[in-house]
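I opened this model to look up how its helices pack and where a few single residues sit. My notes follow in the order I took them.

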Amino acid sequence: KMLRLCGEAEDKLAQELIHFELQVERDVIEPLFVLAEVEIPNIQKQRKHLAKLVLDMDSSRTRWQQSAKSSSLASNLQPSGAKADALREEMEEAANRVEICRDQLSADMYNFVAKEVDYANYFQTLIEVQAEYHRKSLALLQNVLPQIKAQQEAWMEKPSFGKPLEEHLAVSGREIAFPVEACVTMLLECGMQEEGLFRVAPSASKLKKLKAALDCCVVDVQEYSADPHAIAGALKSYLRELPEPLMTFELYEEWIQASNIPEQEKRLQALWNTCEKLPKANYNNIRYLIKFLAKLTEYQDMNKMTPSNVAIVLGPNLLWPQADGNMTEMMTTVSLQIVGIIEPLIQHADWFFPGDIEFNVTGNYGSPMHINHNANYSSMPSPDMDHAERRQHDQGRRPLSVATDNMMLEFYKKDG
């Protein structure tokens with residue numbers, strides 16, 4: 001549609017340009033061509049011809065004078081004889097031709113001067129035609145520009161990675177950011193029992209491809225349901241690439257101060273108070289995410305992701321200071337303070353965010369066949385199973401994936 005709008009505008013501009021050039025050709029260039037190629041050359045030709053006739057006249061006069069000197073006596077008598085008369089007649093005829101040519105040249109020059117106003121009008125016409133062309137072109141562009149801007153503003157599928165949260169939500173008309181909902185709902189289908197989720201680094205090429213797919217709102221659920229680590233990595237990348245952390249720069253100091261309160265009840269209350277100060281868009285998305293992470297930790301026996309572990313790997317992606325310090329300071333801050341903020345939020349998710357939540361808000365991102373492609377088990381065990389049932393259910397599960405034991409490496413990998 002954008003190409004069509006712009007193409008139509010360019011076509012109209014081209015039509016205006018053709019009309020402008022034809023008018024300039026007819027009203028300006030053709031008259032000036034006659035002036036430049038006919039009238040002025042004729043004057044220049046007359047001047048050259050006059051110069052030649054003057055030379056001829058001077059030559060005739062010189063010959064006559066020389067003849068007179070050679071034939072005259074010492075007296076002042078005029079030269080006589082047939083030759084002298086012929087030379088005199090030649091001189092007079094040359095002078096006559098010069099006079100005629102000079103008169104003709106003068107007439108042409110006077111005519112040229114008399115028409116100077118007309119010649120100047122051609123240039124005035126040129127400026128007027130140009131002004132009219134530019135006015136029409138400007139009006140045409142001003143007419144199409146609002147249509148183009150409206151088309152851009154109405155376009156839903158704008159990139160989301162690296163864009164402000166509120167801008168993305170406003171453009172897409174959503175409450176939960178598209179990458180967050182898409183990744184969470186896919187992980188609910190295929191990744192809840194995957195060991196080291198959010199901790200094991202995914203394939204770089206898979207992660208890059210999934211991020212690009214999420215950026216243009218096209219996700220092949222079937223393809224990525226076999227690679228939950230790529231989905232988790234994309235979710236971490238989205239959170240880290242936000243211009244402002246989900247828990248905001250403005251409340252950073254409040255979060256840190258709340259986490260430093262020694263008494264648990266007061267600390268939880270302070271965290272709750274800070275949480276309530278989040279902007280609506282941030283609150284909705286942090287609520288959605290914390291509820292999911294709490295659900296993820298229900299399967300910690302299998303995925304090894306306790307609230308503490310989840311806080312360690314995801315904390316740096318949810319909250320960071322506005323001016324990053326050196327690596328040592330960041331390590332200390334993350335380990336001692338940010339983890340102390342995220343962990344209780346996950347542990348007490350239902351207290352901070354009471355009520356159930358529907359993760360698949362739009363109903364578009366769950367695995368179409370509801371098959372867990374990540375393991376040999378056919379369905380996800382309920383967290384309500386007792387230990388014996390869970391062990392029996394887990395016997396058919398494939399071996400655990402290899403994961404790095406040093407979770408602190410996450411702090412060096414802002415992008416996962």
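Entry 1, the core. The model is a predicted one. I looked up the largest nonpolar core and found that it has 73 residues. Phe-198 and Leu-293 are the residues with the most contacts inside it. I then checked which element gives the most to this core, and it is helix 11, with 10 residues. I note the general tendency that nonpolar side chains are buried together in soluble globular proteins.

Entry 2, Leu-293. I listed its contacts, leaving out residues up to four places away in sequence. Leu-293 touches Phe-198, Val-310, Leu-314 and Ile-346. The two residues with the most contacts inside the core therefore also touch each other.

Entry 3, Phe-198. I found Phe-198 in the loop between helix 5 (178-190) and helix 6. Is Phe-198 buried or exposed? Its relative accessibility is 1%, so I recorded Phe-198 as buried. The backbone needed a remark: Phe-198 has a positive phi of about 75° although it is not a glycine.

Entry 4, helix 11 and helix 13. I described the pair in the general way, by the angle between the axes and the distance between them. The axes of helix 11 and helix 13 come within 10 Å and cross at roughly 155°. Angles over 145 degrees count as roughly antiparallel, so I entered helix 11 as roughly antiparallel to helix 13. The crossing of helix 11 past helix 13 is right-handed. On the helix 11 side the contact is made by Ile-286, Leu-289, Leu-293, Leu-296 and Thr-297. On the helix 13 side I listed Pro-307, Val-310, Leu-314 and Leu-318. By type, the residues of this contact are eight nonpolar, one polar and no charged.

Entry 5, helix 6 and helix 8. Which angle do helix 6 and helix 8 make where they pack? I read about 60° for helix 6 (residues 204-215) and helix 8 (residues 228-241), with the axes 9 Å apart. I therefore entered helix 6 and helix 8 as oblique to each other. Helix 6 passes helix 8 in a right-handed crossing. From helix 6, I listed Lys-206, Leu-207, Leu-210, Lys-211 and Leu-214 in the contact. These meet Ala-230, Ile-231, Gly-233, Ala-234, Ser-237 and Glu-241 of helix 8. I sorted the residues of this contact into six nonpolar, two polar and three charged.

Entry 6, Thr-248. I looked up a further residue with a positive phi, and Thr-248 has one of about 70° although it is not a glycine. Thr-248 is in the loop between helix 8 and helix 9 (252-259). Its relative accessibility is 4%, so Thr-248 counts as buried.

Entry 7, Asn-284. I placed Asn-284 in helix 11 (residues 280-297). Its relative accessibility is 19%. Buried means under 20%, so Asn-284 counts as buried. With residues up to four places away in sequence left out, Asn-284 touches Glu-175 and Ile-176.

Entry 8, Gln-322. Where does Gln-322 lie? I found Gln-322 in the loop between helix 13 (307-318) and helix 14 (327-347). Gln-322 has a relative accessible area of 65% and is exposed. I also looked up its separation from Tyr-252: the two are 70 residues apart in sequence and 8.5 Å apart in space, C-alpha to C-alpha.

Conventions:
Residues are numbered from 1 along each chain as its sequence is written. This is a predicted model: local features need pLDDT of at least 70, side-chain atom pairs count only at pLDDT 80 or more; totals for chains, interfaces and linings use all residues. Side-chain values use heavy atoms; hydrogens and water are left out. Helices (H or I, at least four residues) and strands (E, at least two) are DSSP runs, numbered from the N terminus. Buried means under 20% relative accessible area, exposed over 50%, partly exposed in between (1.4 Å probe, protein chains only). Contact means heavy atoms within 4.5 Å. Axes are lines fitted to C-alpha atoms, for helices over the stretch in contact, and angles run from 0 to 180 degrees between N-to-C directions. Angles under 35 degrees count as roughly parallel, over 145 as roughly antiparallel, 65 to 115 as roughly perpendicular and the rest as oblique. A crossing is left-handed if the near helix is turned anticlockwise from the far one by less than a right angle, and right-handed if clockwise. Ala, Val, Leu, Ile, Met, Phe, Trp, Tyr, Cys and Pro count as nonpolar, Asp, Glu, Lys and Arg as charged, and the others, Gly among them, as polar. A nonpolar core is a set of buried Ala, Val, Leu, Ile, Met, Phe, Trp, Tyr and Cys residues joined through side-chain atoms within 4.5 Å.
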